[in-house]
Amino acid sequence: SATAHKDASGDLVVGGVALPDLAAEFNTPAYVLDEADFRARARAFREAFAEYDVYYAGKAFLCTAVAGWIAEEGLHLDTCSPGELTVALRAGVDPAMVGYHGNNKSLPELRRVVDAGVGRVVVDSFVEIERLAAAAADLGRTQTVMVRVTAGVEAHTHEYIATAHEDQKFGFSITSGDAFEAVRRVLDAEHLELAGLHSHIGSQIFDSSGFEVAARRVLALHARAAAELGVELPEMDLGGGFGIAYTTQDDPAEPARLAAEMTAIVEHECRALGLARPRLSIEPGRAIAGPAMCTVYTVGTVKPVRLDGGAVRTYVSVDGGMSDNIRTALYDADYSCTLAGRRSEAPPVLARVVGKHCEAGDIVVKDEFLPGDVTPGDLVAVPGTGAYCRSMASNYNHALRPPVIAVRDGVARVLVRRETEDDLLATDVGA
Ligand code: LLP
């Protein structure tokens with residue numbers, strides 16, 4: 001994160017807190033969240049996209065404190081499950097500032113969402129439009145709606161996190177005509193109010209050409225709605241997906257540049273189509289949370305393994321693994337790491353940081369050069385774990401999910417405590 005640095009003794013200091021001190025107090029593994037950095041990233045989006053609504057995608061990482069920070073920084077909050085909505089409401093976030101996503105929302109779920117006064121629901125199927133209309137009618141409310149469309153874009157990212165090509169579960173296809181039909185049905189529903197169209201092309205994207213194609217196709221549908229149905233849709237959401245640097249090879253755009261590029265694209269298209277520019281919104285998750293967190297582990301074993309050809313790879317086992325960071329195993333993600341608790345002049349060795357789970361794919365950092373004297377008891381920090389690590393953490397092997405510790409101005413405080421075996425046993429009702 002922006003406030004991380006190494007002090008003279010080699011201790012990694014984040015938010016004014018030395019990680020060895022943090023590890024001594026809270027134990028490892030632990031997620032360390034740099035509050036000032038998180039807030040600065042949220043604010044940077046808010047300011048760069050000043051004419052837009054910026055929804056922080058809570059799926060990246062959410063807890064009560066973070067939902068509160070998002071509200072304080074003036075962002076909206078995107079949720080996609082009853083649990084995320086509960087956290088938002090518990091944090092006191094204004095429901096009007098909350099959006100609700102999902103491809104399979106049940107009737108009771110939608111009733112709760114409407115009842116809570118959620119600002120907008122992004123609908124994803126015809127049956128959902130019926131359910132939502134029924135829930136709103138039942139509660140005597142009018143619900144604002146966005147229609148999620150599939151823009152038919154091949155985003156250049158991992159297959160599992162690309163969402164705008166036709167052959168996947170999200171959205172109404174524009175090409176098949178379903179998207180237009182969805183627009184018609186929402187407009188026809190007495191208790192639904194259509195705000196506009198929504199497109200999310202995928203995640204960890206570096207190139208704005210995908211957004212450009214998506215904006216062009218979505219706005220073409222806005223134009224068709226104007227021409228054939230006589231409605232000017234007031235809003236368009238281009239989703240999230242802004243990439244971050246996991247290693248030094250990635251080169252993410254600053255929010256200000258993204259904002260300028262996206263605005264230019266939309267203005268250009270609107271001029272070409274003779275449309276008034278709709279109000280825009282975006283949903284960044286990773287770009288706000290990702291760089292603001294690191295994970296601190298303690299090394300337990302060090303095992304050099306001779307590879308074919310004679311090279312050596314040093315397997316460094318830490319006290320966590322795929323249960324606190326599934327991204328390496330699931331998406332072949334690249335992370336880096338560093339010794340966090342001492343200085344070393346030892347020549348570097350090619351290392352692989354692995355966890356303690358019973359499977360060979362339990363890799364946290366595939367390749368990194370660590371000092372050759374790395375040894376049990378050393379602290380290792382993996383930066384950039386703020387997005388989709390704690391939020392996708394599991395209890396595999398009955399692991400206890402690590403705490404989230406916020407650091408700020410030299411003070412550390414627990415936002416999410418470490419799980420205990422009692423937490424695990426609480427759901428196991430016994431024989
Ligand atoms: N909006 C919608 C509708 C989404 O589905 C997502 C992410 C976002 C916004 C936020 O995307 P972001 O700005 O964070 O890239 N678990 C995967 C990422 C899955 C993303 C799912 N949807 C990973 O760890 O890479």
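**A buried phenylalanine, the ligand shell and the sheets around them**

F242 has 25 C-beta neighbours inside 10 Å, so F242 counts as buried. The cut-offs behind that word are simple: 20 or more other C-beta atoms within 10 Å of a residue's own make it buried, 12 or fewer make it exposed, and anything in between is partly exposed, with C-beta atoms placed from the backbone. This is a predicted model, in which local features need pLDDT of at least 70 and side-chain atom pairs count only at pLDDT 80 or more, while totals for chains, interfaces and linings use all residues. Residues are numbered from 1 along each chain as its sequence is written.

F242 sits in the loop between strand 12 (235-237) and helix 9 (255-273). Helices (H or I, at least four residues) and strands (E, at least two) are DSSP runs, numbered from the N terminus. Once neighbours within four places in sequence are set aside, F242 is in contact with I205, P252, L258, P284 and A287. Contact here is a matter of C-beta atoms, again placed from the backbone, lying within 7 Å. T314 is another story: F242 and T314 are 72 residues apart in sequence and 34 Å apart in space, C-alpha to C-alpha.

On the larger scale, the chain is assigned domain 1 (5-32 + 292-426) and domain 2 (101-284), with bounds that come from an automatic or database domain assignment. The centres of domain 1 and domain 2, taken over C-alpha atoms, are separated by 37 Å. Both take part in the ligand site, as the shell around the ligand draws at least three residues from each of domain 1 and domain 2.

That shell holds 23 residues, the closest being S203, G240, G285, R286 and Y388; a residue is near a molecule if its C-beta atom, placed from the backbone, lies within 6 Å of it. Helix 10 (286-289) and helix 11 (327-331) are the elements that give two or more residues to the shell. By residue type, the shell divides into ten nonpolar, eight polar and five charged. For that tally, Ala, Val, Leu, Ile, Met, Phe, Trp, Tyr, Cys and Pro count as nonpolar, Asp, Glu, Lys and Arg as charged, and the others, Gly among them, as polar.

The UniProt record, an unreviewed entry, lists R286, R327, Y331, E359 and Y388 under "binding site". These positions are spread over 103 residues of sequence and also spread in space, up to 27.4 Å between C-alpha atoms. UniProt positions are given in the numbering used here, feature names are shortened, and annotations may be inferred rather than shown by experiment.

Two of the listed residues, R327 and Y388, can be followed further. R327 is placed in helix 11 and is buried, because 21 C-beta neighbours lie inside 10 Å. Beyond its neighbours within four places in sequence, R327 is in contact with A333, Y388 and C389. Y388 belongs to the loop between strand 19 (379-383) and strand 20 (404-408). With 24 other C-beta atoms within 10 Å, Y388 is buried. Not counting residues up to four places away in sequence, Y388 touches A60, R286 and R327.

The unreviewed UniProt entry also lists K59, as "modified residue: N6-(pyridoxal phosphate)lysine". K59 lies in the loop between strand 5 (53-57) and helix 3 (64-72). K59 is buried because 22 other C-beta atoms lie within 10 Å. Leaving aside neighbours within four places in sequence, the contacts of K59 are C80, G285 and S391.

Strand 19, just ahead of the Y388 loop, is mostly covered, with five of its five residues buried. Both of its faces are covered: L379, A381 and P383 are buried on one side, and V380 and V382 on the other. Strand 14 (residues 293-306) pairs with strand 19 in the antiparallel sense over five bridges, and V296 stands opposite A381. Strand 16 (residues 338-339) and strand 19 also pair antiparallel, over two bridges, with V380 as the bridge partner of L339. Strands count as paired if DSSP finds at least two bridges between them.

Towards the start of the chain, three strands form an open antiparallel sheet in the order 1-2-3. Strand 1 (5-6) and strand 3 (17-18) are its edge strands, each pairing on one side only. Strand 2 (residues 12-14) pairs with strand 3 in the antiparallel sense over two bridges, and V14 stands opposite V17 in strand 3.
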